[in-house]
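Okay, thanks for coming, everyone. Let me put this one up on the screen, and then we'll walk through it together.

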Amino acid sequence: MSTTKSEFLNELKARGYVHQVTDEAGRDALAKSGPITGYIGFDCTAPSLHVGNLLGIMMLRKLQQAGHKPIVLIGGGTTKVGDPSGKDEARKLLSDVEIASNIAGIERVFTRFLSFGDGASGAAMVNNADWLDTLNYIDFLREYGRHFSVNRMLTYDSVKLRLEREQPLSFIEFNYMVLQAYDFVELYRRYGCRLQMGGSDQWGNIVSGIELGRRTDGIELFGVTSPLLTTSSGAKMGKTAAGAVWLNPDMCSPYDYWQYWRNSEDADVERFLKLFTELPLKEIATLAKLKGAELNEAKKILATEATALVHGRDAADRAAETARTTFEEGLTASSLPTIEVPRADLAKGLGVLHASLLAGFVNSTGEARRQIKGGGLKVNDEPVADERRLLTPADLSQDGVIKLSLGKKRHALIRPV
């Protein structure tokens, strides 16, 4: 039985969110003393966050549900530097315009998970460009750089692994952990924030911030990391053959998002139910006992509950119903993802290879050819045997669409306009 007394940390541990905790007794005492403020940083390298970011988002949600105040730190400043953690090469440096556009997309994700406001537990969204963009370089080095040991920085995984692989590490990337540490101190000064959370690859950065706060402000800060998440087969979370599984509805439909969770490996179902749904643990334990074909019912529940958090309950229920009518009744459901193509293109003949790319089934025509050779690509539920096959108006159903499928679980409708 856990010796932790705080509701928040108990909940995190019971559901599998916790990998490491700094000074657990001190962190627990802080949580029991009243509302605390904690944050997670999200850099703006894409126009949306993806499933790989979902663990952190759920931790912020749990923090708020336990009566504490979550801060979403948008990395408008640190994105200009690039986090080397877990990377074999430098991130592409983005322009200010690209970063601003990405921030607008990312901000929309959090309105589904957090309640923003000025109250004790009201979430706040903060951009670290507010202080990083105005730093005086020499003054910053004198005031904060002197607290960092290069010898120690070289031992952190984000640096050490890159050097061991003989991959270049730029000086600008080497500064990332200094800036992230400074973020923690700045958030403490501005918002009384004393907790930072993140993936286990952020441990070195979090510890650096805790150490900087102790040296500069004499304050005890705390950190909690979550395990780096992979599927049971070792695949990275949030990636499919078609690319990243985005959290923004305009980049991943409710149906595709539902299907991603429905396709979870058997060994992952219980873990994912704990991490990515809010079902009671007793109910999850019951679902985890299902075996064989019955486990598919648990996967459907996982898919629907996870989709409801991102897309809303109505959209999740519609996605589940679309899947049921498509697979169990063999119908073409109108709510399947739809790709609109010019009617003139269809009249000339739309190549099935190109159609597979448009549907997001594959990343290249070469991959589409391999799927055809394996019998995986279908038009109106009939396997495609010829990679030169053209889709024409003759393929349109009575509903005026062409159903394109990859395997048993990926479908899209092609509609002429």
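So, to kick off: which residue just after H11 takes a positive phi? It's Gly-218, with a phi of about 60°. And before I go on, keep in mind that what you're looking at is a predicted model.

Let's stay with H11 for a moment. It covers residues 203-217, so 15 residues, and at 1.5 Å a residue those should span 21 Å. The C-alpha atoms at its two ends are 21 Å apart, so that agrees.

Now, what's tucked away in this helix? Quite a list is buried: Gly-204, Asn-205, Ile-206, Val-207, Ser-208, Gly-209, Ile-210, Leu-212 and Gly-213. And what do the buried residues of H11 pack against? Two helices, H7 (150-153) and H10 (176-191), plus two strands, S5 (195-199) and S6 (222-226). As for direction, H11 lies across S1, S5 and S6, and runs at about 175° to S6.

That brings us to the sheet. Six strands make up an open sheet here, and if you read across, the order goes S1-S6-S5-S2-S3-S4, with mixed pairing. The edges are S1 (20-21) and S4 (124-127), each pairing on one side only. Over at the S4 end, S3, which is residues 69-75, runs parallel to S4, and four bridges join them. If you want a spot to click on, find Leu-73: opposite it, in S4, stands Val-126.

There's another open sheet to show you, with five strands in the order S9-S15-S14-S11-S12, and again the pairing is mixed. At its edges are S9 (338-341) and S12 (382-383); each has a single partner strand, so one side of each is left without a neighbour in the sheet. S12 is joined to S11, residues 377-379, by two bridges, and those strands run antiparallel. Here the pair to look for is Lys-378, standing opposite Pro-383 in S12.

Last stop, the cores. Which residues have the most contacts inside the largest nonpolar core? Trp-261 and Phe-276, in a core of 67 residues. Take Phe-276: leaving aside neighbours within four places in sequence, its contacts are Leu-54, Leu-55, Met-58, Leu-229, Met-237, Trp-261, Ala-306 and Leu-309. So those two core residues, Phe-276 and Trp-261, are in contact with each other. Then there's a second, separate core of 31 residues, and Ile-71, Tyr-144, Tyr-176 and Leu-179 are among its members.

Okay, that's my tour. Let's spin the model around and chat.

Terms used
Residues numbered from 1 in each chain as written. Predicted model: local features only at pLDDT ≥ 70, side-chain atom pairs only at ≥ 80, totals over all residues. Heavy atoms only, no water. Core = buried A, V, L, I, M, F, W, Y, C linked by side-chain atoms within 4.5 Å. Buried < 20%, exposed > 50% of the residue type's maximum accessible area, 1.4 Å probe, protein only. Contact = heavy atoms within 4.5 Å. Expected span 1.5 Å × (residues − 1). Pairing = 2+ DSSP bridges. Axes fitted to C-alpha atoms, helices over the stretch in contact; angles between N-to-C directions.
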